[in-house]
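Please prepare a short briefing on the structure shown below. Keep it brisk and group the points by topic.

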Amino acid sequence: MVAHDGNGNKIQKRFNNEHITNMAYFTDLEFSWGKRKIENTLALKATGMYIYPEFIGLVYKIGFWF
């Protein structure tokens with residue numbers, strides 16, 4: 001990967017993609033509720049390789065039945 005600084009000179013930069021190729025586990029825990037044609041979902045998402053997750057997210061989704 002080559003980049004240029006503010007003066008137009010080439011800077012050699014390397015991209016280390018070693019952390020991208022690691023395998024990980026994805027876990028979703030979802031709770032859904034709704035009335036008639038609208039459904040709400042609250043989800044807890046976790047991603048990680050070892051015992052403790054590296055990333056934790058809380059997601060709210062709304063859906064419509066047709």
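Strand β5 gives the nonpolar surface patch its largest share, five residues. The patch covers about 1400 Å². These points come from a predicted model.

**The nonpolar patch**
- Twelve side chains need naming here: L29, F31, W33, I38, L42, L44, I56, L58, Y60, I62, F64 and F66 make the patch.
- Three elements each give two or more residues to the patch: β3 (25-35), β4 and β5.
- Among the patch members are I38 and I62, and both recur below.

**The β4–β5 pairing**
- Strand β4 spans residues 38-48, and strand β5 spans residues 55-64.
- The two strands run antiparallel.
- Ten bridges join β4 to β5.
- Six residues lie between the strands, and together β4 and β5 form a hairpin.
- One of the bridge pairs puts I38 opposite F64 of β5.
- Both I38 and F64 also belong to the nonpolar patch.

**I38 in β4**
- I38 belongs to strand β4.
- Its relative accessible area is 39%, so I38 ranks as partly exposed.
- The cut-offs behind that label are under 20% for buried and over 50% for exposed.
- I38 is also one of the residues that I62 touches.

**I62 in β5**
- I62 sits in strand β5.
- I62 is partly exposed, because its relative accessibility is 48%.
- Leaving out residues up to four places away in sequence, I62 touches I38, E39 and N40.
- I62 and S32 are 30 residues apart along the chain, yet their C-alpha atoms are separated by 9.4 Å.

**N40 in β4**
- N40 lies in strand β4.
- N40 counts as buried because its relative accessible area is 13%.
- The side chains of N40 and Y60 share a polar contact of 2.7 Å.
- Beyond four places in sequence, N40 touches F31, S32, W33, G34, Y60, K61 and I62.
- Of these neighbours, F31, W33, Y60 and I62 are also named in the nonpolar patch.

**Points to check in the view**
- Which residue of β5 is the bridge partner of I38? That partner is F64.
- Is N40 buried or exposed? N40 is buried.
- Which element gives the largest share of the nonpolar patch? Strand β5 does, with five residues.

How values were computed:
Residues numbered from 1 in each chain as written. Predicted model: local features only at pLDDT ≥ 70, side-chain atom pairs only at ≥ 80, totals over all residues. Heavy atoms only, no water. Pairing = 2+ DSSP bridges. Helix = DSSP H or I, 4+ residues; strand = E, 2+ residues; numbered from the N terminus. Buried < 20%, exposed > 50% of the residue type's maximum accessible area, 1.4 Å probe, protein only. Contact = heavy atoms within 4.5 Å. Polar contact = N/O pair within 3.5 Å; in protein donor to acceptor, adjacent residues only side chain to side chain. Patch = residues over 30% accessible without salt bridge, like charges linked within 9 Å, V, L, I, M, F, W, Y side chains within 5 Å. Areas by Shrake-Rupley, 256 points an atom, 1.4 Å probe, with all protein chains shown as cover. Salt bridge = Lys/Arg side-chain N within 4 Å of Asp/Glu carboxyl O.
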